[in-house]
Amino acid sequence: MSAEEVFLDHTTLADGPGPSATTDLPAPAAAAAGHASRLPSLTGMRFLAALLVFAFHSSLPLPTIRIIQSDGMWHAYYLGASQAGAFGVTFFFVLSGFVLTWSARAGDTMPGFWRRRFVKIVPNYVLTWAISMAFFAAAVTPAWEAVANLFMLQSWWPNFGVNFSVDTPAWSLGVEAVFYALFPVLLIGAKRIRSAHLKYWIVGILAAIVGTVALSYAALPTSPALPIPDLNGQVSTVQYWFAYVMPIPRVLDFALGILAARLVQSGRWRDIGMGRALLLLAVAYFFALHVPYLYGQVVMCVVPVTLLVAAGAVADVNGRTSWFRSRPLTWLGEISFAFYLLHWVVLSISREVLGSALFPDGISLLILAGQLAVTILASWAVYTWFEHPIVRRWSASRRQRRRPDATPAGTG
């Protein structure tokens, strides 16, 4: 039996990963699962996660980003947002595993899955890479770094400058590419785990995430220091890369999402609800600002993020009220991938347009609001006239498009 046949076999089990496989779900969930394949609450959450990353990047003390004149206001904003980017990125990593597992369907193939991921991710990525190179990155980026970025390889270098060159947030797409490459195999492995044992695997993954950070602190060089204010040399660039940027350790976040989706589908997930999950996330964020930096970046957010994602899915499956699936938030969630890739472009270009001047508090807040609005408008345009048409046209092969049931699976 080929690997692809194994993948097909495991996506058609009775307790399989798609919302149509409802035999293990509680009765209310089983009845509603057919209407919740796209999980709109998670779509709405995606924009809020992207907004956290926007907040972090707009707070950075870089001459190419900072617009706030007052040191006091800037410092308060920077400290308050210092862990927001990490929380947003971890959310996306866990969400990817969860949604891809949830939307996997009977009869899918590895090439079909990889084709949809490529069509969804790569065109937007290349577009924002080209815009970044044209407007601000080419003058400061060596050719080899630009090429490494184009092929999503920047996260494999233990070099802070390379990791965040060209379009800074794009490093995480290189990590996601590894997730997509591994997903069929990881799904097969997850399907082999008995439902009653999934919770033990989740605990093991959480322990491995903590262990990754502990190993980074204990075994890796402590210099050169990470160029981030207020750390006072507490973290080196190599420690940061190993625990936060390098793709292989971050597969743990993705696998956590896969197992959480399996546990929800099995009916064994103990849902705490979105309200409690959000409260726990806020508490975790507070502590993330006070624990050693890498623990705040990688560990503190993992449990509450997973609880929130699962709670959103359970709410959608059971038809509970959810603010996250309101029409404005789900619309923003649809354009959130473009928003994630474009926001650094807007921040950088607008800073060039404004020159080197810093601005009083009120004006700087208006500029930040304008940057956010422009990013949303640009994201809507890219989604409407570029991303969505490409996905509709190319996510299925000609043979699949001729089939009446060839509807692309949900996207993560």
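In this predicted model, Arg393 sits over the face of Trp394, 5.1 Å being the figure for another such pair and 4.1 Å from the ring centre the figure here.

Notes:
Residues numbered from 1 in each chain as written. Predicted model: local features only at pLDDT ≥ 70, side-chain atom pairs only at ≥ 80, totals over all residues. Heavy atoms only, no water. Lys NZ or Arg CZ within 6 Å of the ring centre and 35° of its normal.
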